[in-house]
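Hello,

Please find the structure below, for you to look through when you have a moment. My notes on it follow.

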Amino acid sequence: MTDHAAPTTTTDPVTEMQDTSEVFRGTAGGDHSLRDKRSVDGSDTSAIPAFVFGEELADLADHDPRIAVLTADLAKANRATDFADRHPERFVNVGIAEKNMITVAAGMAASGMIPFAATFSSFAALLGCEQIRTDCAYPNLPVRVVGHHSGMSMGFYGTSHHSLEDLGILRSIANLTVVCVSDANHLRAVLRASLEHEGAMYLRLGRGRDPEVYAEVPDIEFGKAVQLRTGSDLSILTTGSEVYPTLQAAEVLAAEGISVAVWDVHTIKPLDLDAVALAAGTGALLTVEEANRTNGLGTAVAEALLEGGFGGNTRFYRHGVPDEHVPIGPPGALYAHYELDAPGIANVARRLLS
Amino acid sequence: MTDPSNRPPIPRRGTPERTALAETLTDRARFMRTETVRLSRIAGAGHYSASFSAAELIVSLYYGAMRIDPTRPRWADRDRFVLSKGHAAIGLYPLLGDLGYFDPALLDDFTKMGSAFGDHPDMNKVLGCDFSAGSLGHGLSASLGIALAGRMQGSDHRTYCMVGDGELAEGQIWEAAMAAGHHKAGNLVAIVDRNQLCIDGFTDDVMTVEPLTDRFTSFGWDVRRIDGHDLDAILDTLSDMGRDPVGTPRVIIADTIKGRGVERMELSTHWHVGNLVGQDYDDVMAELEAGLSPKASR
């Protein structure tokens, strides 16, 4: 810090972690400094709220004594600080020890709490994988493992910080509900609904600065996909961070006379088989996810198509990240590279229909 | 039996009550060992020696120290016991049945298809089991979570966690140890069953875990080191554990002998898992019924 009159708010462009803790406590620079940021791909995100994770849980915890929040030295990145400020007695920072965090949360859950254990999704799902299975899912405890900055949203941080395998890995764990969150209002809805859900959950979040998909907090039901747009030429089943660009792509395609239905399959497991059957009715089906194509949403839909017998002659493609470790680059450039931005998704759709 | 939730404090050494308690514990430790041998024969294999090393410690908890009520296995204010070295569950199950958590006759189907009782304990199948176990290194974290939840909920329950000495090579143990010290889990008591052996040999040869007193002390724990087969030492130590939800976590380093009670098994690497049959079974049962020899065989 060089200027004491005006604290520096040097911010990591990806995690938005700043070098002055005062900023995050709201005593210097306050929330404004967080909101007034540009996204890593250069677009102005000043209108997009930062993570509502801690704030929403703090609101819920005002009326629910079961809620606790844990993190592994990432309270700033995931805004657990908003919870810690209001409910310090129910906040636990375990330091950089993700495995311990998840099992501590399981112990709390065994004693009647509903703990939300949050860290980067790469560390939650890959480093903590066995703890999720053995300590959360196997005992069927209401732990909510929150993996944020999922997919390749950490961009040039590299493969160690990417989470493209989490859906494929966690989908194969019994008793685990896997949910992808698409925007702030969706996150609020998921957090609220999770309080009534039995058993363990993995909640996959983006960078917490996701463009708006839901203008209001939606009513959601885990295991029930949401049709956001109707269409007759093509159905796109997408999830989490890809919902917004898919809706944009559908607009582009509509202008070309291609009618596209879009479904937010927020729950990867259990999968909404009825939605897959309905979507297949358009005769062409595309899945879009910010994950390795192996064993994620697309694979789950393929399984449903074949086993359900409603694949028929449906043209089908699983769109996602190919089976490789991604190059170095900012998130926006990576999305463009893999055709996971709106123009790219539109291209993939055109190829499927051609 | 009387309601254990109203269990009196551990009686002082030298009193008739203490003598009576020690006799009960001696008998229950013998029962834990003979049941381990019996259940192993049902399964065709069993973790004898890791159960034997922990016998005096576990019976002292369940029949002497813990605030429990077997008629209310999910009672919120009960003391908890997390058996992080879950492979010793074969010795714990008979005690839970004996205490009244379930019909002991259920153990006759130990490990058979559909049984609630496997080699490692499942908290959703075994009443009285406070946390599932099997994958080593997890239990201390789970115990810390239970302890912190107790603090959040305003309960004064105490959480005991037994870890093996070989298990201390797991990194997560030290993540939990560091966090327990940092978060001042005064309602947490760890017990290290320092039985000297892991599967491949002596811990000193496979992976050095000492100096344990220094290691735990440096992580912010209050350390007691005792003979883990000496009931008087165990009871004296357990009678001095706090319930303060904010304080220094405590660890009891219990020096034990893996396989204690059966000469051929004591400090032998051949009996981590085994199966006694025929005359060997009868001989070992007779040896156990006769009680512990005053000194270990080696």
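**The chain A sheet**

A:Val178 has A:Lys269, in strand 10 of chain A, as its bridge partner. This is a predicted model, so please read everything here in that light. The pairing behind that bridge joins strand 5 (residues 176–180) of chain A to strand 10 of chain A. The two strands are antiparallel, with 2 bridges between them.

Both belong to an open sheet of 7 strands in chain A. The strand order is 2-1-3-4-6-5-10, and the pairing is mixed. Which strands stand at the edges? They are strand 2 (91–93) and strand 10 (267–269) of chain A. Each has a single partner strand, so one side of each lacks a neighbour in the sheet. On average, neighbouring strands of this sheet are turned by 20 degrees against each other, direction ignored.

Two helices to look at here. Helix 3 (residues 53–61) of chain A packs on the sheet. There it touches strand 1 (67–71) and strand 3 (114–120) of chain A. The direction of helix 3 of chain A makes about 155 degrees with that of strand 1 of chain A. Helix 5 (residues 98–110) of chain A lies across strand 1, strand 2, strand 3 and strand 4 (144–148) of chain A. Its direction is at about 170 degrees to strand 3 of chain A.

For chain A as a whole, the count is 14 helices and 12 strands. Of its 354 residues, 53% count as buried. Take the contacts in chain A with a separation of 6 or more: 74% of them come from residues 24 or more positions apart.

**Strands in chain B**

Start with strand 2 (residues 159–164) of chain B. It is mostly covered, with 6 of its 6 residues buried. Both faces are covered. B:Thr159, B:Cys161 and B:Val163 are buried on one side. B:Tyr160, B:Met162 and B:Gly164 are buried on the other.

Strand 2 of chain B pairs with strand 1 (residues 80–83) of chain B through 4 bridges, and the two run parallel. It also pairs with strand 3 (residues 188–194) of chain B, in the parallel sense, over 6 bridges. B:Thr159 takes part in both pairings: B:Arg80 stands opposite B:Thr159, and B:Leu188 in strand 3 of chain B is its bridge partner there.

**A helix pair in chain B**

Helix 3 (residues 55–65) and helix 4 (residues 89–99) of chain B pack at about 25 degrees, their axes 11 Å apart. Angles under 35 degrees count as roughly parallel, so helix 3 of chain B is roughly parallel to helix 4 of chain B. The crossing is right-handed.

Helix 3 of chain B brings B:Ala55, B:Ile58, B:Val59 and B:Tyr62 to the contact. Helix 4 of chain B answers with B:Gly91, B:Leu92, B:Leu95 and B:Leu99. By class, that contact has 7 nonpolar residues, 1 polar and no charged.

**Where the chains meet**

How many residues of chain B are in contact with chain A? There are 23, and they contact 26 residues of chain A. On the chain B side, the elements that give two or more residues are helix 5 (139–153) and helix 6 (171–182). Helix 5 of chain B gives the largest share, 11 residues. The chain B side divides into 11 nonpolar, 11 polar and 1 charged.

Best wishes

Terms used. Residues numbered from 1 in each chain as written. Chains lettered and ligands numbered in written order. Predicted model: local features only at pLDDT ≥ 70, side-chain atom pairs only at ≥ 80, totals over all residues. Contact = placed C-beta atoms within 7 Å. Nonpolar A, V, L, I, M, F, W, Y, C, P; charged D, E, K, R; others polar. Buried ≥ 20, exposed ≤ 12 C-beta atoms within 10 Å, placed from the backbone. Axes fitted to C-alpha atoms, helices over the stretch in contact; angles between N-to-C directions. Parallel < 35°, antiparallel > 145°, perpendicular 65-115°, else oblique. Left-handed = near helix turned anticlockwise from the far one by under 90°. Pairing = 2+ DSSP bridges.
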